[in-house]
Amino acid sequence: MEPLPKHRHLALLSLLLFSVSLYSETDITEKENRLDKEILSLYRDIAKARELLSYEQVSSLPANTTIQFIGAYPNRTGLRIRKFKVDPDPQNKNRIKHSEEKSILLEFNGSVLSKVEILITTEDTEIEQKTKTKITDTTPLDDSVNDMVIQFSGIDGTDSFPLSSLRNDSVKQERNDFKKDFYIKFLLDFHSQLTSISALQKTNGNSNQKKMFKQLNQSLGY
């Protein structure tokens, strides 16, 4: 059997490398599609927090958590849940060494989730550095997750860019890493928080109902 000419060797090698690269890009795209579906599923689950808009007052919240409604009851259009973490200075308990606030804003158009906004603010008093990151998705229930916008401000200045601008190829998977290592975990964290808040309101509501019925039954004694 005659050996292949050198140019045919190079052609076959190029074809092989192209096939490997093509497979790698396809694999990355499939991974991103799976991550996008998980994000959309979490959006739908988190949107169930809309039921909190029907409470005139939220009576119980987990520790280091606040809730702010958008609009006046009973015509509210959204809510923002904030979580706080404060680390005191071990040398001076009256001084804060580091603080972090993270929040999620959910806005609704009727019954439909129309906006998701995430805010993370960190402050280090030792080096007097404060950073703020805002991530906004104004079309959370469409087919594209990559149209969300990320804004950052810190000691080095400010920047704003769409998620679609992050690299996502066989060399760097910045977009997939962002979704997997941060965004999905953040949504899961607040999904758990919102579920806890809803459960607390229902528990307190049931307790108040039982107290009311007990008082009514006692009123029948005369």
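**A walk through the chain and its salt bridges**

Arg 80 makes a good starting point: with a relative accessible area of 9%, this residue is buried. Keep in mind as you look around that the model is predicted. The partner of Arg 80 is Glu 117, and the two form a salt bridge whose closest N and O atoms are 2.7 Å apart. This pair ties together distant parts of the chain, since Arg 80 sits in strand S2 (residues 78-89) and Glu 117 in strand S4 (residues 112-124), 37 residues apart. Glu 117 counts as buried too, at 8% relative accessibility. Side chains of opposite charge can pair when their charged atoms come close. Glu 117 also forms a salt bridge with Lys 115, and here the closest N and O atoms are 3.7 Å apart.

Now step back to the whole chain. There are two helices and seven strands, and along the sequence they follow the pattern α-β-β-β-β-β-β-β-α. The chain has 222 residues, of which 29% count as buried. Among contacts with a separation of 6 or more, 48% come from residues 24 or more positions apart. As for the outside, the chain exposes about 14500 Å², with carbon and sulfur atoms supplying 52% of it.

Back to the charged pairs: a search of the whole structure finds 12 salt bridges. One of them joins Asp 169 and Arg 167, with the closest N and O atoms 2.6 Å apart. Asp 169 counts as buried at 18% relative accessibility, while Arg 167, at 37%, counts as partly exposed. Elsewhere on your tour, Glu 32, Asp 36, Arg 175 and Lys 179 are joined into one network by salt bridges that share partners.

Definitions and conventions. Residues numbered from 1 in each chain as written. Predicted model: local features only at pLDDT ≥ 70, side-chain atom pairs only at ≥ 80, totals over all residues. Heavy atoms only, no water. Helix = DSSP H or I, 4+ residues; strand = E, 2+ residues; numbered from the N terminus. Buried < 20%, exposed > 50% of the residue type's maximum accessible area, 1.4 Å probe, protein only. Contact = heavy atoms within 4.5 Å. Areas by Shrake-Rupley, 256 points an atom, 1.4 Å probe, with all protein chains shown as cover. Salt bridge = Lys/Arg side-chain N within 4 Å of Asp/Glu carboxyl O.
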